[in-house]
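Reader: I would like to learn how to read the packing and the chain interface of a model such as this one; could we take the features in turn?

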Amino acid sequence: MTPPLNEPPPPVVEMRGISLAFPGVKALQDVDFRLFPGEVHALMGENGAGKSTLIKTLTGVHRPDGGQVVLGGDEVAFSSPGEAQHAGISTVYQEVNLCANLTVAENILLGREPRRFGGIDFPAMRKRAGEVLARIGVHIDPGSSLGEHPIAVQQLVAIARAIAVDCRVLVLDEPTSSLDAGEVAELFRIMRVLRDEGVAILFVSHFLDQVYEISDRMTVLRNGSLVGEHLTADVDRRTLIAQMIGRDLGALEAIEDAAEKRHPDGPVLLHASELGRRGAIDPFDLEIRAGEVVGLAGLLGSGRTELARLLFGADRADSGRLVVDGKPLRLRGPRSAIAAGIAFSSEDRKGEGLVADLSIRDNLVLAMQAARGWTRPLPRRTKDQLVEKYLKALDIRPANPDALVRTLSGGNQQKVLLARWLVTEPRLLILDEPTRGIDIGAKAQIQQLVTTLAAEGTAVLFISAELEEVVRISDRIVVLRDRRKIAELDGSVTGVDEVVELIAGGAAPEKVVS
Amino acid sequence: MTTLAPRVPSRFLPVLATVALFVLAFGVGSARYDGFASGQVIANLFIDNAFLIVLAAGMTFVILSGGIDLSVGSVVALSTMVTASGLQAGWPVPLVVVAVLLIGSTLGLLMGLVIHKFDIQPFIVTLAGMFLARGLCFVISVESVSIKDRTFRDVATAAIELPGGVTITYNVVIALLVVAAAMYVLHRTRFGRTVYAVGGSESSALLMGLPTTRVKVGVYVISGLCSSLAGLLFSLYMLSGYGLHAVGMELDAIAAVVIGGTLLAGGVGYVLGGLAGVLVLGTIQTLISFQGTLSSWWTKIVIGVLLLVFIAVQRTMVRR
């Protein structure tokens, strides 16, 4: 199945010394890249390492300032994605870039429809589209409108479009980020079929498991430069991560050590008893101490976010009591929670967190300004000091307060969101999926930050789908299943396996922290 | 199309709603007024609105691509002016026709290029085009110029007899030919499908390797061409050229297209919808003239209400 990697055929794509600068940024510096027929090649790197830029240089969206692109032995310079497609380079982007208002068949074949008497031959087109879909084992009606299908199917239609032409190179830019496990398996099956047919596949993913499962070879980029090219079998995860983030993994381990050494014994900050909301989460008890990191573990839909929203007053509880600082608190809405020193960083950072079209500065001061009331504007000096402090503390890039949040990478947006709440100096910080969709380096920084905050006395409620992360940084872990709190574990002695067992429904005894 | 309807009824729902509205309005008229339910009343709908049908067809292209063309009314006026003064100066009719169509298409091309090259909203560019064309009318003459050319008058007054004693003008034939051509281009050609793709998602269309530039500029050329053709039809209808002809007609065209179910955001709609929209507007006008006691401004009020209703319906459909 795997092609012979020791004696590879000549590469189908060879990029030599590619450089590209955007205003103020050197996006790519002297990058070499090779792609062989019949291989799945993973392009690895953090957010902002230049993966997307390199791909866009290959697919004709950007033109390099320097270097050459050789395709099948001939030097090429594409001026549009159309030209690249013509030459056999097809791309499937992270967001489905198709037209939901057209039919599946049109989305697959638009621009190269079969024609008869000068007009489009729709029956022939549906037939062709059906054949292409069948080739990758997708059975949907080509005449149906694309918008009717779920995103995962649309993604497969995008792949069908990519291979409907004589495609030598297939570029998949984070195709799995919106797919569930079964859909990913389906995608990989299709990728293997195409690879065995001799298609060269360039694959980008943030999920290391997937990269190791599917790829034969990988190229690692960092800060727009080439770090190395390896056979996947030759490089272990540790080395890969070290190459990607360009620093020792010591940072990650230090976090773990810190969490293990700490025994938070601050005063009880928040105490919820029998707090619940019908249809969202069953009544639960929860105690959070100052300086403590409490992790919430559970599957999607287990009630993680719902619990957090109750504590923040985003939803009203219909049973139970909440005591903050020994005084009962009735949450009438987020405003009263904020007044009590509770901050909630939403999982949907674009929809519920940041204002994408405002600058970093404006986003940072939003929450603080809201707390002060609109009648007392913050003086510019104070703003600048705050912004400078947090830009530096959180290592937000670019460190330009006037940059629009929309233009930042996911990891940096998350940091801005965090900073926005930190500005208000909350005593309880609720973080819902703060590390989702961001790269390893930024993840480590955010985890580090959580640990630091806790050490300074802030209580943190940490929600993440990644159990390893929860287990690593939490002092105490609350496990949820089916909208119910089922266990509370001591974070320093609990392993991932134990939590998985509980979530999966195994009958582990309930352990309560001493 | 009918085979698709049961499977994806939602796609055709707005057009069907407009057709139903037309039938309803016509039914109401037939029930209330003697002589309303005659073939000639229907024929008159087409005769009196032939130019608007052509405008709506061109406008459908632009709106489908996600743009808007505010210049069409002024281009109609400019076309009547060029026609009338050209004929007055003794130009042969074919030369006048070619000149008018060239002027309209060129204006469309220029606006399309500006929109594309400088990445300016179509609203602003075509607003500028609207002022430009309107102003050019008065450069030619500030007076109304009547058309006395024999050939032109003969064509204008020629009646084509249909079975049942109903007569239509050449204008109607031309308008229906334009609708047929527009349908063919939109549904059967690569250009037409790309118009839909660009309206659905321009960035997707670009990344799919489609010729978005050609389409984005092309729709304004088509709209310009349709406007100048509509201007010729309007000259035949009014037998005069005047700088104050067709004031606000661009809004009637947009209203007809939107009432016909075409999404202002682009990507969804049909030429037939625009035709149905024009017929609805025409029927309302006819109703009010049959009533006799109502001011013609009631037409505007009804159109306003209809527009609001249709836009609200579209909103909910998009949200769904």
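Author: Let us start from a single residue: A:Leu170 touches A:Ser90, A:Val92, A:Ala162, A:Ile163, A:Leu194, A:Val199, A:Ala200, A:Ile201 and A:Leu202, leaving aside residues up to four places away in sequence, where contact means heavy atoms within 4.5 Å. This is a predicted model, in which local features need pLDDT of at least 70 and side-chain atom pairs count only at pLDDT 80 or more, while totals for chains, interfaces and linings use all residues. Residues are numbered from 1 along each chain as its sequence is written, chains are lettered from A in the order in which they are written, and side-chain values use heavy atoms, without hydrogens and water.

Reader: Which residues have the most contacts inside the largest nonpolar core?

Author: In soluble globular proteins, nonpolar side chains tend to be buried together. Here the largest nonpolar core has 153 residues, and those with the most contacts inside it are A:Met44, A:Ile108, A:Leu170 and A:Met191; such a core is a set of buried Ala, Val, Leu, Ile, Met, Phe, Trp, Tyr and Cys residues joined through side-chain atoms within 4.5 Å, buried being under 20% relative accessible area with a 1.4 Å probe, protein chains only.

Reader: How many residues of chain A are in contact with chain B, and what is the area buried between them?

Author: The size of an interface is often given as the accessible area lost when the parts come together. In this model 29 residues of chain A are in contact with 22 residues of chain B, and the area buried between the two chains (accessible area lost, 1.4 Å probe, summed over both) is about 2100 Å², with carbon and sulfur atoms giving 53%.

Note on methods:
Buried < 20%, exposed > 50% of the residue type's maximum accessible area, 1.4 Å probe, protein only.
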